[in-house]
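Colleague: I would like a close look at one part of this model, namely the second largest pocket. How much space lies in it, which residues line it, and which elements supply the lining?

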Amino acid sequence: MSYRNPKYIDTSVQGSFDKLQNTINANVATMAKNQKEQKEKDEAEQNRQILAGTNQSQATITKNANYNTVGNQVTTGKVGNYFSSYPARAAELATELSKTPRPDNYAELQAELNSLNKAPETMKAMLENASSFLNIKDMSDFDPNQNQGAILATQVLNNKAGYTEENGFSYDFRQGEGGSIEMVFSGKGYIPPTKNNKKNTDPNDLVSFKEPYVLNSAGMQQMQDNDQDLLVSTPKMSSKVSSAIKETSVIDGAEFDDNGGFLGGGLINENILSNETTEENFGTKDKPTILNVRSVDRTKVETGLDLAIQEQIQSFINPDYGNDGQARSVWNMRIAKVADATVFNEETAALAFPELAEDKEALKAAWKKGSGTWNYSDDLSEEQIKVFKVMYKKTVVDDIMKKLNSPQYLRQRVSQSQSVGKENLNPKG
């Protein structure tokens with residue numbers, strides 16, 4: 001599913017969800033660069049605090065329960081309250097519509113009645129979509145740079161310890177535009193609610209919705225129809241590496257687990273080995289057996305993996321079908337944590353920006369624009385996409401090169417001009 005902000009929502013029903021996004025984007029556009037970066041850092045830090053609240057110890061959870069921090073007003077009650085006035089209003093409309101002659105606002109009244117009649121199905125679809133978008137079970141590997149309102153909403157909707165009405169958080173329903181329904185989250189509270197068996201009043205632990213966070217039924221349905229995500233998970237690079245090995249012939253006959261994870265085994269494709277050799281001791285220190293071992297040619301490995309890696313890259317950044325939300329997440333949580341991605345390297349940068357290779361300062365500036373922490377509010381820039389392509393490929397190839405150079409494949413690389421027994425060709429090493 002794609003993170004991209006929905007672009008095809010009918011303006012007549014886009015509702016407050018989209019208006020909120022437009023407000024955020026407008027604010028971002030008008031902020032000074034340094035202020036914007038500081039704001040993003042502050043929000044990411046508070047998001048880490050929110051996410052940390054989901055991993056409280058059992059002892060803390062038990063203590064909080066004693067302080068009645070878990071609210072008891074459930075969604076069904078809120079839905080009931082929302083529809084409490086509908087029957088009477090429907091009766092009023094039916095009465096007005098049955099009058100002769102027809103009232104001047106007949107079409108308007110009929111549209112309202114139609115909206116009331118459709119409301120239960122609209123509410124049902126909205127709750128299903130909200131449950132899908134906000135039901136994040138494992139937040140231990142979650143990028144905290146995502147939309148803070150949405151992250152908080154996941155906690156409130158799922159009634160996580162501390163994110164309840166008893167502790168100051170709430171959500172409710174209201175009518176939106178064009179017959180849509182809006183889900184409105186608001187409130188603030190201390191997380192965790194208690195410390196040392198006392199009510200928490202530490203201002204550093206105060207978590208809040210900076211403004212009501214609004215989800216619109218029409219906006220969510222459009223996102224669902226377009227296979228889009230509100231919040232994204234972080235892909236495991238190990239699974240991406242395993243997939244690249246499985247889809248190519250770099251290692252023929254490699255073994256994989258039921259989830260597609262690489263287990264080892266198989267035979268190195270001889271075409272990725274160079275004629276350059278290094279000496280390796282296959283004996284002991286006291287009785288050495290020195291043999292020449294062919295080196296793994298990185299360029300040939302890159303060539304063999306290129307198609308599989310490019311397909312993976314496109315699955316993140318292709319404008320038609322790529323999940324650029326996961327591109328941001330995999331960058332922030334995986335790639336950017338490697339020094340190569342954040343520390344300027346002229347040779348690596350030149351791969352991303354060959355047109356700037358002769359201008360070191362321009363190259364450094366472009367790399368800086370493309371690296372660092374990526375937010376979720378702006379479109380990915382040209383610099384970010386170019387840096388991502390280079391660093392994603394480097395990350396995958398680096399990992400596979402380590403595997404190819406590992407002890408289990410060492411004997412397969414012994415130069416065939418030397419006398420080596422079959423037992424020395426065992427891929428398990």
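Modeller: In this predicted model, the second largest pocket holds about 310 Å³ of space. Its lining is made up of 13 residues, and those that lie nearest the centre of the pocket are E302, L351, V390, K393 and K394. Sorted by class, the lining of this pocket comprises six charged residues, four nonpolar ones and three polar ones.

Turning to the elements around the pocket, at least two lining residues come from each of α10 (298-317), α13 (346-352) and α15. Of the lining, the largest share belongs to α15, which supplies five residues.

Helix α15, which spans residues 382-404, also meets another helix, α14 (residues 360-370), and the two axes come within 7 Å of each other and cross at roughly 90°. Because of that crossing angle, α14 counts as roughly perpendicular to α15. On the α14 side the contact is made by A366, W367, K369 and G370, while α15 contributes E383, Q384, V387 and M391. By class, this contact between α14 and α15 has four nonpolar residues, two polar ones and two charged ones.

To sum up the pocket for work at the bench, α15 provides five residues of its lining, the largest share, and the lining as a whole includes six charged residues, with E302, L351, V390, K393 and K394 lying nearest the centre.

Terms used:
Residues are numbered from 1 along each chain as its sequence is written. This is a predicted model: local features need pLDDT of at least 70, side-chain atom pairs count only at pLDDT 80 or more; totals for chains, interfaces and linings use all residues. Side-chain values use heavy atoms; hydrogens and water are left out. Axes are lines fitted to C-alpha atoms, for helices over the stretch in contact, and angles run from 0 to 180 degrees between N-to-C directions. Helices (H or I, at least four residues) and strands (E, at least two) are DSSP runs, numbered from the N terminus. Angles under 35 degrees count as roughly parallel, over 145 as roughly antiparallel, 65 to 115 as roughly perpendicular and the rest as oblique. Contact means heavy atoms within 4.5 Å. Ala, Val, Leu, Ile, Met, Phe, Trp, Tyr, Cys and Pro count as nonpolar, Asp, Glu, Lys and Arg as charged, and the others, Gly among them, as polar. On a 1 Å grid over the protein atoms alone, a cavity is a set of points where a 1.4 Å probe fits but cannot get out, and a pocket is an open set with protein on both sides within 12 Å along at least five of seven lines; lining residues have an atom within 4 Å of a point. Grid points are joined across faces, edges and corners, and a volume is the space filled by probe spheres set on the points.
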